Amino acid sequence: GRQQKMNEIDHIADELRRIEREMLIERIREKEVIERIEFDEDDERAYFDKNRARYIRPERTSILEILVDDQDRAESLRAEMEEDGDLDELARRYSKRSTRIRRAGGRMQLLSPDKYGKLGWEAKDAQIGEIVGPVKTNNGYSVFKVLKKIPEKDMSFREAKGRVRSHMRMDLSETMFKELVADLKRQYADKIHIFEENLSYSQS
């Protein structure tokens, strides 16, 4: 009864103090770190050259797919596909994929096999022009034709520029924040104690 209510009040008060600390840390980070981050295109190019392994466009597999609920329906659609049926029309009429994908005639680009489960790995292993399925997925039964495979490719600086800027900001923000904390420790070692665990929110 009363003790439980007191415990709930204490828990809410602790949460409010935690949120207040996090907001204060974030304001300090915004003012003392993020607003002071500066770099130019030469810095971006240097970062890009040093971290080229981060800027690779993965292999992509382009497929035309029909997804249905019933395995027998999937088998029937595969037979129509093998008999040179109109794949675009079959996908538009029968697939349960999103409207956008249906309007594109069932066309999809699979960027990373593990993102799509068994469908992704089956598509990766299949040959161009091969019809595969039915493949049981979490959403139903998939039948698809592999249209093309686009090999892994190194991104140019122009292609990667937006990601380079984002990565630089994150890296510099973390480094500068750690330097700020270390500087505060040196200046106020005898006056304040900094609890490192309370800074994890802003350093993540």
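A residue is called buried here when its relative accessible area is under 20%, exposed when that area is over 50%, and partly exposed in between. By this criterion, in the predicted model described below, Leu-87, Leu-90 and Ala-91 are the buried residues named in helix α4, which spans residues 87-94. These residues cover an arc of only 95° around the helix axis, and they therefore lie on the same side of α4. The partners against which the buried residues of α4 pack are strands β2 and β5 together with helices α3 (71-82) and α5 (99-103).

The protein as a whole contains eight helices and six strands, and their order along the sequence follows the pattern α-α-β-β-α-α-α-β-α-β-β-β-α-α. Of its 204 residues, 30% count as buried, while the accessible surface of the protein comes to about 14000 Å², with 47% of that area belonging to carbon and sulfur atoms. When contacts between residues at least 6 apart in sequence are considered, 68% of them join residues at least 24 apart. One pair of residues that are distant in sequence is formed by Asp-43 and Met-168, which are separated by 125 residues along the chain but by 9.1 Å in space, taken from C-alpha to C-alpha. Asp-43 belongs to helix α2, residues 41-50, and this residue counts as partly exposed because its relative accessibility is 35%.

Strand β2, already mentioned as a partner of α4, is mostly covered, since nine of its nine residues are buried. Both of its faces are covered: on one side the buried residues are Arg-60, Ser-62, Leu-64, Ile-66 and Val-68, and on the other side they are Thr-61, Ile-63, Glu-65 and Leu-67. Two pairings of this strand can be described in turn. With β5, strand β2 runs antiparallel and is joined by nine bridges, and within this pairing Ile-66 stands opposite Val-143 of β5. With β3, strand β2 also runs antiparallel, here joined by four bridges, and two of the facing positions are Ser-62 opposite Gln-109 and Leu-64 opposite Arg-107.

The side chains of β3 alternate along the strand, in contrast to the covering of both faces that is found in β2. In β3, Met-108 and Leu-110 point to one face and are buried, whereas Arg-107 and Gln-109 point to the other face and are not buried.

Strands β2 and β3 are also involved in covering a second short segment, helix α6, whose buried residues have a cover that includes β2 (60-68), β3 (107-110), β4 (131-137) and β5 (140-150). The buried residues of α6, a helix that spans residues 118-125, are Leu-119, Gly-120 and Ala-123. Seen down the helix axis, these buried residues fall within an arc of 100°, so that they line one face of α6. On the other side of the helix, Lys-118 and Asp-125 are exposed.

Strand β4, which is part of the cover of α6, contains Pro-134. The peptide bond that leads from Gly-133 to Pro-134 is cis, with an omega near 0°. For comparison, most peptide bonds are trans.

Two further helices illustrate the contrast between a buried and an exposed position. His-167 is located in helix α7, residues 157-187, and this histidine counts as buried because its relative accessible area is 12%, which falls under the 20% limit. When neighbours within four places in sequence are left aside, the residues in contact with His-167 are Tyr-47, Arg-54 and Tyr-55. Leu-16, by comparison, is located in helix α1, residues 2-32, and this leucine counts as exposed because its relative accessibility is 55%, which is over the 50% limit. Leu-16 is also part of a nonpolar patch on the surface, which is formed together with Ile-12 and Ile-19 and has about 280 Å² of accessible area in total.

Notes:
Residues are numbered from 1 along each chain as its sequence is written. This is a predicted model: local features need pLDDT of at least 70, side-chain atom pairs count only at pLDDT 80 or more; totals for chains, interfaces and linings use all residues. Side-chain values use heavy atoms; hydrogens and water are left out. Buried means under 20% relative accessible area, exposed over 50%, partly exposed in between (1.4 Å probe, protein chains only). The arc is that of the directions from the helix axis to the C-beta atoms. Contact means heavy atoms within 4.5 Å. Two strands pair if DSSP finds at least two bridges between them. Patches are made of residues with over 30% relative accessible area and no salt bridge: like charges are joined within 9 Å, nonpolar side chains (Val, Leu, Ile, Met, Phe, Trp, Tyr) within 5 Å. Accessible areas come from the Shrake-Rupley method with a 1.4 Å probe; for residues, only the protein chains shown count as cover. A salt bridge is a side-chain nitrogen of Lys or Arg within 4 Å of a carboxyl oxygen of Asp or Glu.
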